Amino acid sequence: MIREPNVLDIPRINELGSLLEENFAKVYSINEMLEDKYSKIYVYEIDDMIVGFIIATDLVETCDILSLIVDPEYRKRKIATNLIDYLISELDENLKLITLEVRANNTAAIHLYDKFGFEVVNVRKKYYANGDDAYLMARESE
Ligand SMILES: CC(C)(COP(=O)(O)OP(=O)(O)OC[C@H]1O[C@@H](n2cnc3c(N)ncnc32)[C@H](O)[C@@H]1OP(=O)(O)O)[C@@H](O)C(=O)NCCC(=O)NCCS
């Protein structure tokens, strides 16, 4: 089941987020995002446990996917695919562009975004603290 989170879900979201980014809880203030009309967060729940989430900034015509993560135990079951589909279905019909940044060596995520028609539009050299490059990927609406 996909739903919007509430304050009680914040610890679990931060726990999952920290798998991707050590400082997740500091970088993303989920508490504030829950109150912010430009932030969209959806969680994927199985048997009352959150196993994945997607976070995006929705500026009506442009949407930026900030974070997407699935619990390692639940990967390769189309959970991320369902979360992206759900996000897209909730976006404004005037949406023109979805963007995101991904580590250039994150094959799993890049394959996933490829499937959704995202294309690499820019490379940000040494964008991450460890020197990894970032791909800026974008998908235009039909
Ligand atoms: C990337 C991630 C969100 C994918 O979640 P998922 O629920 O396993 O993805 P799905 O099951 O929906 O997979 C959809 C497609 O993604 C691609 N994919 C997913 N995992 C993959 C892997 N390990 N290797 C290669 N391609 C992969 C495939 O194209 C797959 O389609 P297929 O099953 O028909 O081959 C998950 O691996 C994850 O949480 N990774 C760590 C966090 C992260 O990197 N997030 C993205 C940051 S921008």
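Which helix or strand gives the largest share of the shell around the ligand? That's H5, with six residues. This is a predicted model, where local features need pLDDT of at least 70, side-chain atom pairs count only at pLDDT 80 or more, and totals for chains, interfaces and linings use all residues. Residue numbers start from 1 along each chain as its sequence is written.

**Around the ligand**
- The ligand is surrounded by 20 residues (a residue is near if its C-beta atom, placed from the backbone, lies within 6 Å).
- Arg75, Ala80, Thr81, Ala108 and Leu112 are the closest of them.
- At least two shell residues come from each of strand E4 (62-70), helix H4 (79-90), strand E5 (97-103) and helix H5 (107-115); helices are DSSP runs of H or I with at least four residues, strands are E runs with at least two, and numbering goes from the N terminus.
- Sorted by class, the shell has eleven nonpolar, four polar and five charged residues. Here Ala, Val, Leu, Ile, Met, Phe, Trp, Tyr, Cys and Pro are nonpolar, Asp, Glu, Lys and Arg are charged, and the others, Gly among them, are polar.

**Domains**
- The chain splits into domain 1 (2-95) and domain 2 (101-142), with bounds from an automatic or database domain assignment.
- Their C-alpha centres sit 18 Å apart, and each domain puts at least three residues into the ligand shell.

**The sheet**
- Seven strands make an open, mixed sheet, ordered E1-E2-E3-E4-E5-E7-E6; two strands pair if DSSP finds at least two bridges between them.
- E1 (2-3) and E6 (119-124) are the edge strands with a single partner each, so one side of each has no neighbour in the sheet.
- E5 and E7 (residues 134-140) run antiparallel, joined by seven bridges; Leu100 has Met137 in E7 as its bridge partner.
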